[in-house]
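Trainee: Could you take me through this structure feature by feature, giving the general idea before each case?

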Number of protein chains: 2
Amino acid sequence: MLELLKKLPFWDLLSDDEKQMVSNQAVLRQYQQGNVLHGGCENDSCFGMFYIASGEIRTSILSDEGREITLYRLYDGDMCVLSASCVISQISFDTQMTVTKDAQLLIIPSSTFAKLIDSNIYARCFMYELAAERFSTVMWVMQQILFSRFDQRLAVFLLNEYRKTGIPEIRMTQEQIAQNVNSAREVVARMLKQFAADGLIENRRGVIVLKDIPKLEKLDSK
Amino acid sequence: MLELLKKLPFWDLLSDDEKQMVSNQAVLRQYQQGNVLHGGCENDSCFGMFYIASGEIRTSILSDEGREITLYRLYDGDMCVLSASCVISQISFDTQMTVTKDAQLLIIPSSTFAKLIDSNIYARCFMYELAAERFSTVMWVMQQILFSRFDQRLAVFLLNEYRKTGIPEIRMTQEQIAQNVNSAREVVARMLKQFAADGLIENRRGVIVLKDIPKLEKLDSK
């Protein structure tokens, strides 16, 4: 546990008392793919800040009717403060976090986190800094949704996945891709079919093989 | 000038040297309605942080083709840090600021602001805190655009304008309303016509008179 706590970017700036408090209150929990963590503050109890020891989390916003917009995904070593939004008075929107790969999370409960940012200006500043970083990411997503053509968005997504692994094969269902590019499965299916007809990709069962990466990149830079 | 500087929320937390530096470098400038201030960092020179002594500023993002999305409007006493985005490494998107009412701005140039947030943790924390607050506002706008029906969005806007002044008359052109609700003038014109037909408003030359506020509110809460 202490090894993980030391990875918190503000750990070295905490007083001994603060370190003690965090050590006593922090918990390490396992979550399975598909688990949903609510970032909102129903019943005054939100999730708390967490550090991803391993796994992957997708953060999204939900409409009243359940329509979902993916804001970003977090990986090993990332931290999330929006999950503690009820202790950040400036943040008044709720997010939903879905575990997209089995995860081990180091959680600092909201009440502990609230005390920490109240007593320690560095922890406080770190939290807002991280929120600002997420702000920037979210603006990029919004600009994609509001301004980009869909073929471009899909090409950007496929290329990003390829760059992450270095393998030109993407093992995701159309439903999963739709969630990530904020579209409907039918729209993704149609565009993938067109990409295949244009020789950009090949659709195999459960796998999309990128066949013409320069052409996909050209689509991106249009 | 000193009177204005004292209104900066972090002023009392600055050292005497820092106060001196800000006093020496800050400038007070007049802007006219329609002036555009670029928040971006072309040629490494962005605008700087500013405090609105008087006037009104609309902040928006622009697509490559010039499509514009209004993020929020700032008024007397508000501060803007996104206009100093090149000194905030976490913020990598550009915004455009349009003066919507003649304005007097107290500007702290980016280079001065950069030194300040580097030396003073309170000024630094304030800046990120303000960015987090804008994040929240922008998320609300995005949810409106992505999830709300247009009749609802227009009703929300008319009601907000009414609540600001207490007068059920809105003196704005359809073009101005379109900019604020992030739609096209034609779409606004059509919906206002429908609202008038439903008895919710009356369209007069240059003025929209709210005739049935409870019904508009009902539209909002649907």
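Mentor: We shall take the domains, then the pairing of the chains, then the core and one loop residue.

Mentor: This is a predicted model, in which local features need pLDDT of at least 70 and side-chain atom pairs count only at pLDDT 80 or more, while totals for chains, interfaces and linings use all residues. Residues are numbered from 1 along each chain as its sequence is written, and chains are lettered from A, as ligands are numbered from 1, in the order in which they are written.

Trainee: Which domains does the assignment give for chain A?

Mentor: Domain bounds come from an automatic or database domain assignment, and for chain A this gives domain 1 (2–146) and domain 2 (148–221). The centres of domain 1 and domain 2 of chain A, taken over C-alpha atoms, are separated by 30 Å. Two residues are in contact if their C-beta atoms, placed from the backbone, lie within 7 Å, and the contact here takes 5 residues from domain 1 of chain A and 5 residues from domain 2 of chain A.

Trainee: Which element gives the most to the side of domain 1 of chain A that touches domain 2 of chain A?

Mentor: Helices (H or I, at least four residues) and strands (E, at least two) are DSSP runs numbered from the N terminus, and strand 4 of chain A gives the most to that side of domain 1, with 3 residues.

Trainee: How are two copies of a chain related?

Mentor: In general, two copies are related by a rotation about an axis and a shift along it. With superposition by least squares on the C-alpha atoms of residues with pLDDT of at least 70 in both copies, chain A can be laid on chain B with an RMSD of 0.1 Å by a turn of 180° and a shift of 0.0 Å along the axis. The two copies are therefore related as by a two-fold rotation axis.

Trainee: How many residues of chain A are in contact with chain B?

Mentor: In chain A, 26 residues are in contact with 26 residues of chain B, and helix 4 of chain A supplies the largest share of chain A's side, 17 residues.

Trainee: Is S92(A) buried or exposed?

Mentor: A residue is buried if 20 or more other C-beta atoms, placed from the backbone, lie within 10 Å of its own, exposed if 12 or fewer, and partly exposed in between. S92(A) counts as partly exposed because it has 14 C-beta neighbours inside 10 Å, and S92(A) is placed in the loop between strand 5 (79–80) and strand 6 (96–108) of chain A.

Trainee: Which residues have the most contacts inside the largest nonpolar core?

Mentor: A nonpolar core is a set of buried Ala, Val, Leu, Ile, Met, Phe, Trp, Tyr and Cys residues joined through C-beta atoms within 7 Å; the largest has 84 residues, and A131(A) and A131(B) have the most contacts inside it.
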